[in-house]
Amino acid sequence: MTKKRRKNRVSVGSKVFDTFNYILLGLIGLITILPFIHVLGSSFATSAEIADTTFLLFPTEFSLNAYRYIFSTDTIFKALGVSISVTIGGTIWSMFLSTLTAYGLSRRDLIGRRHINFLIVFTMLFNGGMIPTFLVVQQTGLLDSLLALIVPVSINAFNMIILRSFFLNLPQGLEESAKIDGANDFGILFRIVIPISLPAIATISLFYAVTYWNTYMHAILYLSDAGKWPVQVLLRQIVVLASGISYDGSSFTDVPPPEVTVKMATIVVATVPVLLVYPFLQKYFTKGALLGSVKG
């Protein structure tokens with residue numbers, strides 16, 4: 001009887017705690033999602049409703065004028081193709097280099113490992129700067145090439161360190177067993193280490209993919225051919241140009257929609273592709289990016 005009363009008291013406290021958690025997390029979730037709803041709703045609003053409302057969530061009358069304005073020329077599709085190509089190619093390239101580097105630096109018998117790690121961490125604090133980097137890109141012949149958006153940022157030091165830390169926590173017994181079976185370093189990496197490191201690899205891949213998808217400054221600096229601009233640069237041009245004339249001289253719609261709706265529609269177009277990819281990688285985030293697969 002006494003145990004039952006204690007159980008009831010704990011249950012009531014637990015319910016109160018859970019209720020508080022639900023309310024708190026619900027409020028945080030609402031605060032987080034409201035800006036997205038505002039952006040999405042404003043992109044479909046009419047000019048009159050935008051002018052009358054300061055914070056619009058759900059438009060009373062839907063309008064597609066902003067999206068018609070953005071997609072009125074085929075240049076947006078070319079820019080999307082460039083962004084997708086750079087994102088996919090750059091992510092694969094960066095993950096290949098980062099994985100090889102991180103695995104090598106995770107080997108405790110590597111000579112000079114600490115010095116190499118120091119040099120890599122040093123680049124997180126200091127870099128060559130914009131002008132020296134531009135001169136390097138120019139001298140290597142990458143100027144006005146899509147490779148200029150990938151090669152200078154092939155490896156992110158922070159992402160590589162996360163991968164290296166993950167590899168360091170892998171059980172040493174796996175590697176020793178593989179060596180006994182005759183596997184070399186590449187065999188251990190591609191047949192054992194990578195398959196059990198998918199959560200970390202998926203997480204870092206998403207970091208790289210978002211970075212390449214949002215590339216803007218490098219495109220402004222290194223690309224003079226407007227036909228090679230990624231979607232972020234083109235969408236910026238669409239927002240800036242109030243005359244209704246695109247960068248290549250082709251006309252948009254006769255009467256441009258309000259600038260606010262164009263901005264909101266631009267944000268939606270630039271964000272949706274990444275949001276569509278995230279659900280496929282979400283399970284790896286929930287498993288944990290460090291040791292989940294090893295403990296499993």
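**A tour of two pockets and two helix pairs**

The lining of the largest pocket comprises 16 nonpolar residues, 11 polar ones and no charged ones. Keep in mind as you look around that this is a predicted model.

To find this pocket, select T123, N127, P152, V153 and I155, which lie nearest its centre among the 27 lining residues. About 740 Å³ of space lies in the largest pocket. Now colour α5 (113-125), α6 (130-139), α7 (157-168), α10 (198-213) and α11 (217-222): each supplies at least two residues of the lining of the largest pocket.

Next, move to the second largest pocket by selecting T87, I88, T91, A209 and V277, the residues nearest its centre. Here there is about 350 Å³ of space, and 15 residues form the lining. Helices α4, α10 and α13 (259-287) each supply at least two of them, with α4 giving the most, 6 residues. By class, this second lining has 12 nonpolar, 3 polar and no charged residues.

Stay with α4 (residues 75-106) and add α12 (residues 231-240): their axes are 8 Å apart and pack at an angle of about 150 degrees. The two helices are therefore roughly antiparallel to each other. Show T75, I76, A79, L80 and S83 of α4 with V231, L234 and L235 of α12 to see the contact. It has 6 nonpolar, 2 polar and no charged residues.

For the last stop, select α8 (residues 172-180) and α9 (residues 185-193), whose axes come within 10 Å and cross at roughly 125 degrees. This pair is therefore oblique, and the crossing is right-handed. L174, E175, A178 and K179 of α8 meet D185, I188 and I192 of α9. Which classes appear in this contact of α8 with α9? There are 4 nonpolar, no polar and 3 charged residues.

Key. Residues are numbered from 1 along each chain as its sequence is written. This is a predicted model: local features need pLDDT of at least 70, side-chain atom pairs count only at pLDDT 80 or more; totals for chains, interfaces and linings use all residues. Side-chain values use heavy atoms; hydrogens and water are left out. Axes are lines fitted to C-alpha atoms, for helices over the stretch in contact, and angles run from 0 to 180 degrees between N-to-C directions. Helices (H or I, at least four residues) and strands (E, at least two) are DSSP runs, numbered from the N terminus. Angles under 35 degrees count as roughly parallel, over 145 as roughly antiparallel, 65 to 115 as roughly perpendicular and the rest as oblique. A crossing is left-handed if the near helix is turned anticlockwise from the far one by less than a right angle, and right-handed if clockwise. Contact means heavy atoms within 4.5 Å. Ala, Val, Leu, Ile, Met, Phe, Trp, Tyr, Cys and Pro count as nonpolar, Asp, Glu, Lys and Arg as charged, and the others, Gly among them, as polar. On a 1 Å grid over the protein atoms alone, a cavity is a set of points where a 1.4 Å probe fits but cannot get out, and a pocket is an open set with protein on both sides within 12 Å along at least five of seven lines; lining residues have an atom within 4 Å of a point. Grid points are joined across faces, edges and corners, and a volume is the space filled by probe spheres set on the points.
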